[in-house]
Amino acid sequence: ALPICQRDEIVAEKLAHAKMLVFGGPREKFTSQEFDALRNYVESGGNVLLMLGEGGESKFDTNVNFLLEEYGIMINDDRVVRTVFYKYFHPKEVLVSNGILNREINRAAGKAIPGHIESDSSSQDDLAFLYPYGASLNVQKPAGGGL
């Protein structure tokens, strides 16, 4: 694996052998050449995990929605705040007690996969996770692919 560091330009040669790219709160704008490389990577079967916090693009000073919108996804410039408190007492720390992030994450965690015939419906098999300081998403078709 060839790691890409914060300041490295994203080019096809560096992405060629990657199974997944993880962007943890990018704080710079991507160039059109980087978007082209990412688009080609995804269209060739690559996977991207993009994480952004509350405030979305405007708070992080990035332009990731330019790429995400092609796949029917947009990170909003808002924040998730809950009004009911259970286990965690900060309004921006949301406990999702029966969530599904991705079927493969549930499978890797040994948890139930909602809608899957072999899954037990027991609540102790549900995947629980904390969603802290997050933004909401708009998702429309054709969302999917490697993102």
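## The cavity

In this predicted model, the structure holds one cavity of 30 Å³ or more. About 80 Å³ of space lies in the largest cavity. Rolling a probe the size of a water molecule over the atoms shows where empty space is left.

The lining of the largest cavity is made by Phe23, Phe30, Phe35, Leu38, Val48, Leu50, Val64, Leu67 and Leu68. Helix 2 (32-43), strand 2 and helix 4 (65-68) are the elements that give two or more residues to this lining. By character, the lining residues divide into nine nonpolar, no polar and no charged.

## The overall fold

Stepping back from the cavity, the secondary structure of the protein comes to five helices and six strands. Read from the N terminus on, the elements follow the order α-β-α-β-α-α-β-β-α-β-β. The protein has 147 residues, of which 31% count as buried.

## A nonpolar patch on the surface

What do Met20, Val22, Leu49 and Met51 form on the surface? These residues make up a nonpolar patch, and together they have about 350 Å² of accessible area. Two elements give two or more residues to the patch, namely strand 1 (20-24) and strand 2 (47-51).

Met51 is a good residue to look at here. Its place is in strand 2, and Met51 has a relative accessible area of 41%, so it is partly exposed. Strand 2 therefore turns up in two settings: it gives two or more residues to the nonpolar patch, and it also gives two or more to the lining of the largest cavity.

## Salt bridges around Arg39

The count of salt bridges comes to four. Within helix 2, the side chains of Asp36 and Arg39 meet in a salt bridge, at 2.7 Å from N to O. Both residues lie in that helix, three residues apart, which is about one turn of the helix. How do the two partners sit with respect to the surface, buried or exposed to some degree? Asp36 is partly exposed, with a relative accessible area of 39%, whereas Arg39 counts as buried at 15% relative accessibility.

Arg39 also forms a salt bridge with Glu70, and here the closest N and O atoms are 2.7 Å apart. This pair links distant parts of the chain, with Glu70 in the loop between helix 4 and strand 3 (73-75) and Arg39 in helix 2, 31 residues apart. Glu70 is partly exposed, with a relative accessible area of 36%. Taken together, Asp36, Arg39 and Glu70 are linked in a network of salt bridges.

## Asp61 and its partner

Another salt bridge joins the side chains of Lys29 and Asp61, at 3.2 Å from N to O. Why does this pair tie together parts that are 32 residues apart in sequence? Lys29 lies in the loop between strand 1 and helix 2, while Asp61 lies in the loop between helix 3 (56-60) and helix 4, so the bridge ties those parts together.

Asp61 deserves a second look for its backbone too. Phi of Asp61 is near 50 degrees, a positive value in a residue other than glycine. The residue lies in the loop between helix 3 and helix 4, and at 46% relative accessibility Asp61 counts as partly exposed.

## Two pairs far apart in sequence

Helix 2 appears once more through Tyr41, which is found in that helix. Is Tyr41 buried or exposed? Tyr41 has a relative accessible area of 8%, under the 20% limit, so Tyr41 is buried. The C-alpha atoms of Tyr41 and Ala12 are separated by 7.3 Å, although these residues are 29 residues apart along the chain.

The other pair involves Val139, which lies in strand 6 (residues 137-139). With a relative accessible area of 54%, Val139 is exposed. Val139 and Tyr71 are 68 residues apart in sequence, and their C-alpha atoms are 8.7 Å apart in space.

Definitions and conventions
Residues numbered from 1 in each chain as written. Predicted model: local features only at pLDDT ≥ 70, side-chain atom pairs only at ≥ 80, totals over all residues. Heavy atoms only, no water. Patch = residues over 30% accessible without salt bridge, like charges linked within 9 Å, V, L, I, M, F, W, Y side chains within 5 Å. Areas by Shrake-Rupley, 256 points an atom, 1.4 Å probe, with all protein chains shown as cover. Helix = DSSP H or I, 4+ residues; strand = E, 2+ residues; numbered from the N terminus. Buried < 20%, exposed > 50% of the residue type's maximum accessible area, 1.4 Å probe, protein only. 1 Å grid on protein atoms, 1.4 Å probe; cavity = no way out; pocket = protein on both sides within 12 Å on 5 of 7 lines; lining within 4 Å. Points joined across faces, edges and corners; volume = space filled by probe spheres on them. Nonpolar A, V, L, I, M, F, W, Y, C, P; charged D, E, K, R; others polar.
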